[in-house]
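Trainee: Could you walk me through how the helices and sheets are put together here? I'd like to take it piece by piece.
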Amino acid sequence: MFTNERQNKIMDFLKEHKTAYVRELAHSLYASEATIRRDLAELKKMGLIERSHGGAVLPENADEISMFVRINKNAREKERAASVALKILPDFKTVFIDSSSTALALAARMDLSFKTVVTNNLQTAMQLSKKPNVTLILLGGSVQFNTNSATGSWTTRQLEDFSFDLMLSSCAAVKEKAAFERSLDQKEIKRAAFLRSAKKILVVDHTKFSANASYRLTGLEEFDCVATDAPPPAEFDDGRIPFVY
C-alpha cells in the first residue's frame, strides 16, 4: 500500500472515530506498528493530527480534510470529472474558483489567458501565478494549515465587491439532491460567490454521492451544470438536474 493511500485511510478512520490507537490501525491496515507510528509522525508534521498516548486524535479545528490529503484522494476520478467540465465551459471573462481540490485540478488544465480569476485557495493561486496573462486575485482571510485556503467572515465580505461570469466549484458531499459542505465558513464563502455568478458549474466525482457533510450549499438544480465522472445514482437523475458525464 502506498504511503499516501495508507495515510488517507488513517485520516478516514479518524474522521469517523475521532481517535485511534497504533495497534488497531496496524491491525486494520495490515501494517506494522512501526510503519503506523511513522505515518502518524508525518501526519502530525502536516498539522493534520495530534498525537495521544498510544495513538492519535483529530485536532479541534479539523472540520475539513486537509488539502494535501484531498489532492491525492480519488485523483483519477477528479481528473475525469475535470475533463468533462472542460468540454462544457461557457465563454467568460471573470471566474471564481473555489478552494476544492477538484476545482484545482480543473484550473490547472484551463486556458485562462486574459481572464480574471478570483480564488480563496492558496494552491490554486500559486499554480495560476505561473501562467502568463492571467489577472489573479487572491482573497484574504484566516488561513489554517489543513484547509490551505482563506476563510472567515472577511473573506465572505470581500466577495460583495465582485460580479462573476462563471463560478467553478465542487463540494464535500452530494445528498438530498443538494451540494453540502463540512465547514460552515466554506459554505458561506461559496454561497456568496454563487449569488454573484451568472453561470455556476459544480464539478464532482462519483464518490461525493456516498459522502456526508452537514451544511447545505444549494440544490443541484440551481447549477447550470453538474459535471461528474460517471452516471449519477438513479434517485438523483430525475430530469431536473443538469448532469453531464
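Trainee: Which strands does helix 2 lie across?
Mentor: Helix 2 (residues 22–29) lies across strand 1, strand 2 and strand 3, and runs at about 80° to strand 1. Helices (H or I, at least four residues) and strands (E, at least two) are DSSP runs numbered from the N terminus, while axes are lines fitted to C-alpha atoms, for helices over the stretch in contact (heavy atoms within 4.5 Å), with angles running from 0 to 180 degrees between N-to-C directions. This is a predicted model, in which local features need pLDDT of at least 70, side-chain atom pairs count only at pLDDT 80 or more, and totals for chains, interfaces and linings use all residues. Residues are numbered from 1 along each chain as its sequence is written, and side-chain values use heavy atoms, with hydrogens and water left out.
Trainee: And helix 3, what does that lie across?
Mentor: Helix 3 (residues 33–45) lies across strand 2 and strand 3, and its direction is at about 140° to strand 2.
Trainee: What's the strand order in that open sheet of three?
Mentor: The order is 1-3-2, with antiparallel pairing, where two strands pair if DSSP finds at least two bridges between them. Strand 1 (19–21) and strand 2 (50–52) are the edge strands, each pairing on one side only, and the twist averages 25° from one strand to the next.
Trainee: How many bridges between strand 2 and strand 3?
Mentor: Three bridges join strand 2 to strand 3 (residues 55–57) in the antiparallel sense, and one pairing puts Ser 52 opposite Gly 55 of strand 3 as its bridge partner.
Trainee: Switching topic, what is the order in the sheet of seven strands?
Mentor: That open sheet runs 6-5-4-9-12-14-15 with parallel pairing, and its edge strands are strand 6 (135–138) and strand 15 (243–244), each of which pairs on one side only.
Trainee: Which helices pack on it?
Mentor: Among them is helix 5 (residues 75–87), which touches strand 12, strand 14 (225–228) and strand 15 and makes about 140° with the direction of strand 14. Helix 9 (residues 184–195) also packs on the sheet, touching strand 4, strand 9 and strand 12, at about 145° to the direction of strand 9.
Trainee: Is strand 9 mostly covered or open?
Mentor: Strand 9 (residues 164–169) is mostly covered, with five of its six residues buried (under 20% relative accessible area, 1.4 Å probe, protein chains only).
Trainee: What does strand 9 pair with?
Mentor: Strand 4 (residues 94–97) pairs with strand 9 in the parallel sense over three bridges, and five bridges join strand 9 to strand 12 (residues 197–204), also parallel. Leu 166 is the bridge partner of Val 95, and in strand 12 the bridge partner of Leu 166 is Lys 199.

Notes:
Buried means under 20% relative accessible area, exposed over 50%, partly exposed in between (1.4 Å probe, protein chains only).
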